[in-house]
Amino acid sequence: MRAGVIGAGAWGTALAQLLASDGQQVTLWALETDVVDAINASHQNPLYLANIPLSPSIRATGSMSDLSACEMLLVVSPAQHLRAVVAQAPAGVPLVLCSKGIEAGSSLLMSEVAAQAQPDSPIAVLSGPTFAHEVAKGLPTAVTLACEDKALGQRLAARIARPSFRPYLSDDVIGAEIGGAVKNVLAIACGVAEGAGLGLNARAALISRGFAEMTRFGLARGARAETLGGLSGLGDLVLTCSSTNSRNFSLGKGLGEGAHAAELLSNRRTVAEGAHTAPVLRDAARAAGVEMPVVEAVCALLADAAPLADVIDALLARPLRPE
């Protein structure tokens, strides 16, 4: 399958590198002209994935029409821009959604947004515990590839799989997406614990109780528990909550150290998706009658609505209850 990638940030570039590792040509669409020029001239993306030599079979472009010959498109645009980007993509081509989030205003998952923007395009979701630089270097990685069409999922998996990159097939698209969206918000909470010096006990508690919140919300939206407990849920949660390589964790760490969200976000070129997802997730959970106290706490910190000490005290003062 001739492959294209929409979005040349760190993750999009890493996926293009993965797909081009067998020498097949991959077309990589980038918004920034300087990124297109750098990839085509020197096989580098110093803006988003520095110090990683890229395959010469990756061809960057700034024109969506150059993707018209592709038989598979990996979409890696920021979640809040996915609707506009997908609407410009060639119609009818299978879309593998690699963005993690929930659309503001509609509370729709990325697969639901893409189905509205490109109703004739089959949809799959790629999600799991992945740091872009490790995938680009060919380090061992396992992910979930969710697709309701089993035959299409098998063809996509065969094109994406590499000796060091293993996709596990699922037909639970909703579960794969909810895990990826919610874990970004929980990673901010774990970063706060790190920045505030709350210790590893607190981080472990946030991961486990956050996973309980993810599960409650996922089941309310139609996800399956085994998907949430797999690579795209618990697996991604553990990775993102454990390292400053995570943009969401590092954002939370800054909040825990006393910085304000507006200041931290204004200094970033890359997107910390959890900051955009948090208020949307909170509102969707409230509408569904699902309790998500960790998510509520993250929203309070992002909105600068309460001092960090008060937010922590409020979490610790919640009524004792059965696990």
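**Exercise 1. Find out how many cavities of 30 Å³ or more the model holds, and work out what lines the largest one.**

*Solution.* Start with the count: this predicted model has one cavity of 30 Å³ or more. Next, the space inside: the largest cavity holds about 50 Å³. Now walk around its wall. You'll meet Leu97, Ser99, Lys100, Gly101, Met110, Val125, Ser127, Ala176 and Glu177. Then check which elements give two or more residues to that lining: they are β6 and α7. Last, sort the lining by class, and you get four nonpolar, three polar and two charged residues.

**Exercise 2. Put the strands of the open sheet in order and say which ones stand at the edges.**

*Solution.* First, the order. The eight strands run β3-β2-β1-β4-β5-β6-β7-β8, and the pairing is mixed. Then look at the two ends of that row: β3 (58-61) and β8 (165-170) each have a single partner strand, so one side of each has no neighbour in the sheet. As for the twist, going from one strand to the next gives 25 degrees on average.

Zoom in on one pair now. β5 (residues 95-97) and β6 (residues 123-127) are joined in the parallel sense by three bridges. To see one of the residue pairs, take Val96: its bridge partner in β6 is Ala124.

**Exercise 3. Work out which strands helices α1 and α7 touch, and at what angles they lie.**

*Solution.* Take α1 (residues 10-19) to begin with. This helix packs on the sheet and touches β1 (3-6), β2 (26-29), β3, β4 (72-75), β6 and β8. Compare directions, and α1 makes about 170 degrees with β2. Move on to α7 (residues 173-195), which also packs on the sheet, where it touches β6 and β7 (141-147). The direction of α7 makes about 40 degrees with that of β6.

**Exercise 4. Describe the largest pocket: its volume, its central residues and the make-up of its lining.**

*Solution.* Volume comes first: the largest pocket contains about 1,100 Å³ of space. Its lining has 40 residues, and the closest to the centre are Gly9, Ala10, Trp11, Arg247 and Val271. Which elements give two or more residues to this lining? They are α1, α3 (82-88), α5 (132-136), α7, α10 (231-240) and α11 (247-256). By class, the lining splits into 18 nonpolar, 15 polar and seven charged residues.

**Exercise 5. Do the same job for the second largest pocket, and find the element that supplies the largest share of its lining.**

*Solution.* The volume here is about 740 Å³. Of the 27 lining residues, Arg209, Val294, Leu315, Leu316 and Arg318 are the closest to the centre. At least two residues each come from α7, α8 (200-220), α14 (293-302) and α15 (308-316). The largest share belongs to α8, with six residues. Sorted by class, this lining has 20 nonpolar and seven charged residues, with no polar ones.

**Exercise 6. Step back and judge how compact the whole protein is for its length.**

*Solution.* Begin with the parts: there are 15 helices and eight strands. Then compare two values. The radius of gyration is 19 Å, and the globule rule gives 20 Å for 323 residues; these are close, so the protein is as compact as a globular protein of that length. To finish, note the extent of the C-alpha trace, about 55 × 40 × 35 Å along the principal axes.

Definitions and conventions:
Residues numbered from 1 in each chain as written. Predicted model: local features only at pLDDT ≥ 70, side-chain atom pairs only at ≥ 80, totals over all residues. Heavy atoms only, no water. Pairing = 2+ DSSP bridges. Helix = DSSP H or I, 4+ residues; strand = E, 2+ residues; numbered from the N terminus. Axes fitted to C-alpha atoms, helices over the stretch in contact; angles between N-to-C directions. Contact = heavy atoms within 4.5 Å. 1 Å grid on protein atoms, 1.4 Å probe; cavity = no way out; pocket = protein on both sides within 12 Å on 5 of 7 lines; lining within 4 Å. Points joined across faces, edges and corners; volume = space filled by probe spheres on them. Nonpolar A, V, L, I, M, F, W, Y, C, P; charged D, E, K, R; others polar. Rg over C-alpha atoms; globule rule 2.2 N^0.38 Å.
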